[in-house]
Amino acid sequence: MKKLVFLLIFVCLSLSVFAENFFSKNRFLEVKIGADAGISNNLFSANEFMKKELVIDLRKLAEECPDTGISILANASPSLEMNLNIKSLSLGFSTGVDFFQRMDINKSLIDFLGFGNNIGQPLIAEIKENAEIFTYVQANVGFNFKKFRLHVKPAVFIPVLTINNSGGSVVFTNEADGTMKIHSDLNMAVYTTLDLTMKDGKIAVNTAALENTLYAGYGFDLAGSLSFPFTETFCIGADARVPIIPGRLNKKYSITSSFAFESTILEIGNKEFQFADPKVDRGIEEEVWINRPIKFFAYVDTKLFGKLIELNAGAGFGIRKPFTEASLFYMEYQLGATLNLFSILKVGLFTQYMDQVFAHGLGMTVNVRFVQLDVGATVQSASFKKSFVGAGAGAYAYVTVGF
């Protein structure tokens, strides 16, 4: 029995050494492809809708709605990356798309649904939309400088579209005779390099002119990271991205629409409404200059029990639409813990506030040397409180192949 125990211990130690040398070693050449995406809000949670009998308490929603109103956020970042690692030198490039969207609706709309409004007094709800789409190509050069590890990442980006605090309004009125009136107007200003048209009542992109218009205004920014390992199990570092040359969008479109509704509350079946299909004007030549967000993030990584447990913590900030009237500063942080089984399987938990979204997630990495799979999922929200009850969800998946 003792011989069997010693044999098992010997096998486990041998496997540990083999796995550490084989699986954790940098690949000479690797290609990585994948994406992460998410959508969330700060008021409605999933469990309020996933019921057999759906009952929405409008008064409760009005009481819970923050003073800032409703915020709906979405993001997506598909990417492709290739790296060549030669001892302490790494060379590579990546390309992808960055999409971010945020819609804000002020509290008046929820107050109207939950509490109503005074007779004859109009109640106005404003809608503001912010959105950005970038494509980019980025180089990656990494090397050791004494005990430091430095990565320099210059990038050329192309702004595809931006919307800056543009949207519309909704006006609610209750008349003394019991008539309810709702009127909304949409007048959204969209800056883009694309050629937008209306086709069959829908907004379409003129693909014939896509190539010429897409490359109208390159921008350039510089990202980098610097890390310093005090020991094999403790490291500090920082990441940053700063704008150098802004990209240019050269067309402004106005997307307009309207909706009108009028009904006697007691005779809702006799309602009258009018809806105007969205329209896109022909666009005007108007330039706007835009950068990708400024980023700074500092972190600490440590390993416990022979690298079995990995802990990380970091904080920083972002500035979206820097150097414009619509610029927005926000803080960011991340905390995480990972169980590392011989660098073959990693399972981690993390909580963070990144890109204006609170998220709590579970991630997993499976590494068989020539193929690596990274997947994860989050529950999230624009509200810290609502992020624990599923007011949004996100996921990521990346596949790395190489040798």
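Asn250 is buried in this predicted model. The relative accessibility of Asn250 is 15%, which falls below the 20% limit for a buried residue. Asn250 belongs to strand β12, which covers residues 247-264. Neighbours within four places in sequence can be set aside. The remaining contacts of Asn250 are Thr192, Thr193, Ala216, Ile284, Glu285, Glu286 and Glu287.

Buried residues also occur in helix α3, which spans residues 108-115. Here Ile110, Phe112 and Gly114 are buried. These buried residues pack against one helix and several strands, namely α2 (58-64), β2 (70-76), β5 (123-145), β6 (148-174) and β7 (179-192). Gly116 follows α3. The phi of Gly116 is positive, near 75 degrees.

Two residues other than glycine also have a positive phi. Most residues other than glycine have a negative phi. Lys146 departs from this pattern, with a phi near 55 degrees. Lys146 is located in the loop between β5 and β6. The relative accessible area of Lys146 is 75%, so this residue is exposed. Phe305 is not a glycine either, yet its phi is positive, at about 55 degrees. The loop between β15 (294-304) and β16 (309-320) contains Phe305. Phe305 counts as exposed because its relative accessibility is 68%, and the limit for exposed residues is 50%.

Aromatic rings were examined next. The structure contains twelve aromatic pairs. One of them joins Phe28 and Phe403. Their ring centres are 6.1 Å apart, and 40 degrees separate the planes. This pair is tilted. Phe28 sits in the loop between α1 (2-22) and β1 (29-41), while Phe403 sits in the segment after β21 (392-402). The pair therefore ties together parts that are 375 residues apart in sequence. Both partners are partly exposed: Phe28 has a relative accessibility of 41%, and Phe403 has a value of 47%.

Phe230 and Phe234 form another pair. The centres of these two rings are 5.8 Å apart. Their planes meet at 45 degrees, so this pair is tilted as well. Phe234 is partly exposed, with a relative accessible area of 33%. Aromatic residues also gather in a cluster. Its members are Tyr333, Tyr353, Phe358, Phe384 and Phe388.

Charged side chains also lie over aromatic rings. Arg292 lies over the face of Tyr136, at 5.0 Å from the ring centre. Arg320 is placed in a similar way with respect to Phe100. The charged end of Arg320 sits over that ring, 3.8 Å from its centre.

Cysteines were considered last. A disulfide is a covalent bond between the sulfur atoms of two cysteines. How many disulfides does a search of the whole structure find? The search finds zero. Cys65 is buried, with a relative accessibility of 4%. Cys235 is buried too, and its relative accessible area is 18%.

Conventions:
Residues are numbered from 1 along each chain as its sequence is written. This is a predicted model: local features need pLDDT of at least 70, side-chain atom pairs count only at pLDDT 80 or more; totals for chains, interfaces and linings use all residues. Side-chain values use heavy atoms; hydrogens and water are left out. Buried means under 20% relative accessible area, exposed over 50%, partly exposed in between (1.4 Å probe, protein chains only). Helices (H or I, at least four residues) and strands (E, at least two) are DSSP runs, numbered from the N terminus. Contact means heavy atoms within 4.5 Å. Rings of Phe, Tyr and Trp (its six-membered ring) pair if their centres lie within 6.5 Å; planes under 30 degrees apart count as stacked, over 60 as edge-to-face and the rest as tilted. A charge sits over a ring if NZ of Lys or CZ of Arg is within 6 Å of the ring centre and within 35 degrees of the ring normal. A disulfide is a pair of cysteine sulfur atoms within 2.5 Å.
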